[in-house]
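Please open the model in your viewer and keep the sequence panel beside it, since each stop on this tour begins with a selection.

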Amino acid sequence: MIDIRRVFTQVEHIHHEFGPRAATPLVRGAIGAVLTNPFAGRYEADILPMMTLLDPVGVDMAHRLRAAMDVPVERIATYGKGAIVGAAGEQEHGALWHVPGGYAMRELLGWKGDRNAYRQGVAEEKSGQPGNALSIVPSTKKVGAPGTTLDVPLTNINASYVRGQFDSIEVRVPGAPAADEIVFILAMSTGYRVHERVGGLRAENIAKWDGLR
Amino acid sequence: MSANIRKLIVQVDETRKEMGQAINPPTRRAVAMAVIENPYAGRYSESLDDLIAIGEELGALLGEKCVKALGIAPGQAQSYGKAAIVGEAGELEHAAAILHPKLGAPLRAAVEKGAALVPSAKKRGTLGTAIDVPLGHKDAAFVRSHFDAIEARVSDAPRANEIVVAVAVTDSGRPLPRIGGLQASEIKGEDGLR
């Protein structure tokens, strides 16, 4: 069921945006795996078996993305994920990525929770800082033609409300997805927008460790 | 003068399967892009020396970025190409100044040898304009399996006073070459053609 045709990685170093040059550039990266959509061209009621099979795909992609960004895990401050489903598929096929994509990055970044509980939709009580990557992984998905762009949202890995780190990265794989393909995407960055100055919660002031603030 | 670089972007495109056929080892193509300020934007300048110097700087920087992203030794590079997209306040000759006089030598150093011409493309464009960077074998331009192209595109560039400069390097030809012609295994690599 898992058939990876292409892997596309992209890493950006942003030095300035017409303001002062950053001492350390913002690093943003994304990885897209182009897979055959096993459900293309028909309505399949039970698509859940694919979700579990995507777990190792997500883990491999998260590690590849971190390596391509060439920064230590400790510097990864935001994450996001997405999917672009080819024309013979449906948006719900892209939704299969929520659990395997999100938890692959969360585990890479130091999350200590129970993936199986999340898969079943069970939340956990959080207090103090049980680990890293406490925030929900923001996402977008759509059905599109080859070369369709997807703006993948990025937010802080521990507190979604860190305003200076609200960002997004545009991902586009030339030539994909074909009608019977899906592009599954992971994205991460080293944090603050290069000229962030609209205030709000700072990462160093995260206090609740509830994934939000 | 050195380039005022706003962004650097490196992409790697790895093909493991094409038309149901496994590609082993996968074909891998890298493209590195720099978004720079155009020092001649909005005016006619007879001399384009600053852009010529920037071309030399970027040939090394972008060539090395590609090789590093592919994770290969320089001598394992097989094909290359270059391109530039000039923002609206610039002219096509600005792209030529970056690409043609001095970019090639440091790029060839980054990929070892490089007897063949570095194929190129240029155009004027705006934010998100895509350019197809032509690819050809680095030591023998007639190697038919390595005629290819890879898209370069930056979502927020070039602004009117910017230029997007792209260099592409691969460690392979097309995924399933089968249209004959000169084979990579047959080249002499002396005249840059065969």
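Two residues are taken to be in contact if their C-beta atoms, placed from the backbone, lie within 7 Å. What you have on screen is a predicted model, with an ipTM of 0.89 and a pTM of 0.92.

**Chain A as a whole**

Begin by selecting chain A, which has 5 helices and 7 strands, and follow it from the N terminus, where its elements run in the order β-β-α-α-β-α-α-α-β-β-β-β. Its radius of gyration is 17 Å, close to the 17 Å that the globule rule gives for 213 residues, so chain A is as compact as a globular protein of that length. If you turn the C-alpha trace along its principal axes, it spans about 50 × 45 × 25 Å. Of the 213 residues, 46% count as buried, and among the contacts in chain A between residues at least 6 apart in sequence, 77% join residues at least 24 apart.

**Where chain A touches chain B**

Next, show both chains and select the residues in contact between them, 17 from chain A and 15 from chain B. Which element of chain B gives the most to the side that touches chain A? It is strand β1 of chain B, residues 5-18, which contributes 13 residues. The residues on this side of chain B divide into 5 nonpolar, 3 polar and 7 charged.

Now add strand β1 of chain A, residues 4-14, which pairs with β1(B) in the antiparallel sense over 9 bridges. To find one place in this pairing, select A:Val7, whose bridge partner in β1(B) is B:Glu14.

**From strand to strand in chain B**

Hide chain A and stay with chain B, which averages a pLDDT of 97, with 100% of its residues scoring at least 70. Select β1(B) together with strand β2 of chain B, residues 21-37, and you will see an antiparallel pairing over 12 bridges, in which B:Val12 stands opposite B:Ala30 of β2(B). The two strands form a hairpin with 2 residues between them, and B:Met19 in the turn has a positive phi of about 50 degrees.

From β2(B), move on to β7(B), which runs antiparallel to β2(B) and is joined to it by 9 bridges; here B:Val31 stands opposite B:Ala168 of β7(B).

**Two helices of chain B**

Select helix α2 of chain B, residues 92-99, and display the side chains of its buried residues, B:His94, B:Ala95, B:Ala97, B:Ile98 and B:Leu99. What do the buried residues of α2(B) pack against? Their partners in chain B are α1 (49-70), β3 (79-86), β4 (120-124) and β7 (162-170).

For the last stop, select helix α3 of chain B, residues 104-111, where the buried residues are B:Gly104, B:Leu107, B:Arg108, B:Ala110 and B:Val111. These residues lie on the same side of α3(B), because they cover an arc of only 155 degrees around the axis. The buried residues of α3(B) pack against α1, β3 and β7 of chain B. Just after the helix, select B:Glu112, which follows α3(B) and has a positive phi, near 65 degrees.

Key:
Residues numbered from 1 in each chain as written. Chains lettered and ligands numbered in written order. Predicted model: local features only at pLDDT ≥ 70, side-chain atom pairs only at ≥ 80, totals over all residues. Helix = DSSP H or I, 4+ residues; strand = E, 2+ residues; numbered from the N terminus. Nonpolar A, V, L, I, M, F, W, Y, C, P; charged D, E, K, R; others polar. Pairing = 2+ DSSP bridges. Buried ≥ 20, exposed ≤ 12 C-beta atoms within 10 Å, placed from the backbone. pLDDT = per-residue confidence, 0-100. Arc of directions from axis to C-beta. Rg over C-alpha atoms; globule rule 2.2 N^0.38 Å.
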